[in-house]
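Hi,

Here is the structure I promised to pass on. Have a look at it first, and then read my notes below.

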Amino acid sequence: MGGETLYRLLEKLSTPSRILVVHPHMDVVGGSEVLTSLLIERIKGYVDVCLLTAGVHPLHKPRLNGVEIVHLDRPRSASRSEAIARVFDGVGRALAECEPESLLLMIQEPVYIAVAKSLRPSIPSGIYIHFPLEEEAEKDRLSAFYSMLRFPNEYIGFYGIADARMTNSAYTASALKALTGLDSSIVYPAVPEEYFSMPEPKPGDKEPLIVSVGRLVPQKGFHKLLEAFSKVREKYKVNLTIIGVEDPRFKDYRETLEERAREIGDVDLIVKPMKPVEIAEVLRRALIYVHLRVGEHFGMSPVEAMSQATVPVVPRQSGVSELIINGLNGFLLGDDNPSSVAKLLEDLLAKGVEGLWNTAVRARRTSMFFHPDRYALQVLSHLKLAGAGAWLATGFP
């Protein structure tokens, strides 16, 4: 590589001044949507940001204030062909109106990068992969994905098109490697800064309360947590709070949970989007947080709980287990069998606040790594590399 080529490569390593961020459904309150709003809030004063999405939920709007938004049009019918056509239209308009220097896709939908590259082959692209496969994409639910401009059956063939691939955990990176042979850079996600700005928790804040947070879908294992709790409350005076939002693809699951919660008693099932400070206030009172999604890519709710000195209980087979040293800053489950979960919860409740407090303090310290500033800096760094990689792939023009 000659000196002139090296100089031009270094030029490409500068941070792009205008970025097109893509997330098809910012009108949903979920982990990827919250993460997208956090990132945009952090970088919008440093670079120009344009957002391509089908809608924005009111909870995200304050973080997106002042950001140019190009709206994706949802398909009139839930067909794959019409959804693809809408993506071509939306990406084309965004490239023309925003004139971005790079594209950042915040969810595992590489079809958007494939479309962008077909329209503008030289645009550097980065993708943030939460998990390389869509675990909820049963055949009878595909139409619901298409209606949200998602294409779960198209992932594997298109991941290689991105110039930079970021994954949210070593668990996800290894899954991507096994499925596609592709490497990726691990960039752990972030939680809202509000969790870190709360007053430092004290032992007196804690109650005999167990909490779990997440979308109300079977994969999250809330039904198993209810069965475990029914066993625990036979021995201990304890309450359970489940905070979730309903997923339109699993409306019947919410009804099942509500019915079982009424039968068991001492269960508070909160089904509504909540602001971070509202969730933090509940977590602050809780002694134990339980996350039963086995095989989950990561899961930010346990980290949010840890920020409030709430002791996390998570599956060994999950991305979030990478944060936990069993017994030191949390506890690991070998399986999600309700009897196994109940036994561990009983052991922890027997320790009480005093016996668990050192673990809770270490959990809080672990959570500090997940500040949105750290996340934003890492993502911008990888977009710089994406720009250099895209340039090199053209043969040094």
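**Helix 3 against helix 4**

Helix 3 and helix 4 are oblique to each other. Please keep in mind that this is a predicted model. The two helices, residues 80-98 and residues 111-119, pack at an angle of about 55 degrees, and an angle counts as oblique when it is neither under 35 degrees, nor over 145, nor from 65 to 115. Their axes are 9 Å apart, and helix 3 passes helix 4 in a right-handed crossing.

Which residues make the contact? From helix 3 they are Ile84, Val87, Phe88, Val91, Gly92 and Leu95; helix 4 contributes Val111, Tyr112, Val115, Ala116, Ser118 and Leu119. Sorted by character, the residues of this contact comprise 10 nonpolar, two polar and no charged.

**Two nonpolar cores**

In soluble globular proteins, nonpolar side chains tend to be buried together. In this model, the largest nonpolar core has 37 residues. Those with the most contacts inside this core are Ile210, Leu226, Leu240, Ile288, Val290 and Val313. Several elements each supply at least two of its residues, including helix 9 (222-232), strand 9 (239-244), helix 10 (251-264) and strand 12 (311-315). Helix 13 (338-367) is also one of these elements, and the largest share of the core, nine residues, comes from helix 13.

Apart from this core lies another, of 33 residues. Leu95 is among them, as are Ile127, Leu142 and Tyr155. You will recognise Leu95 from the helix 3 side of the contact with helix 4.

If you would like one residue to start from in the largest core, try Ile210. Leaving out residues up to four places away in sequence, Ile210 touches Phe229, Val238, Asn239, Leu240, Thr241, Ile288, Val290 and Leu345.

**Two positive phi angles**

Two loop residues are also worth a look. Glu99 is not a glycine, yet has a positive phi of about 50 degrees. Glu99 sits in the loop between helix 3 and strand 4 (102-105). Leu149, another residue other than glycine, has a positive phi near 60 degrees, and its place is in the loop between helix 5 (142-147) and helix 6 (155-158).

Is Glu99 buried or exposed? Its relative accessible area is 57%, and the cut-off for exposed is over 50%, so Glu99 is exposed. Leu149, by contrast, has a relative accessible area of 0%; buried means under 20%, so Leu149 is buried.

Happy browsing, and best wishes

How values were computed: Residues numbered from 1 in each chain as written. Predicted model: local features only at pLDDT ≥ 70, side-chain atom pairs only at ≥ 80, totals over all residues. Heavy atoms only, no water. Core = buried A, V, L, I, M, F, W, Y, C linked by side-chain atoms within 4.5 Å. Buried < 20%, exposed > 50% of the residue type's maximum accessible area, 1.4 Å probe, protein only. Helix = DSSP H or I, 4+ residues; strand = E, 2+ residues; numbered from the N terminus. Contact = heavy atoms within 4.5 Å. Axes fitted to C-alpha atoms, helices over the stretch in contact; angles between N-to-C directions. Left-handed = near helix turned anticlockwise from the far one by under 90°. Nonpolar A, V, L, I, M, F, W, Y, C, P; charged D, E, K, R; others polar.
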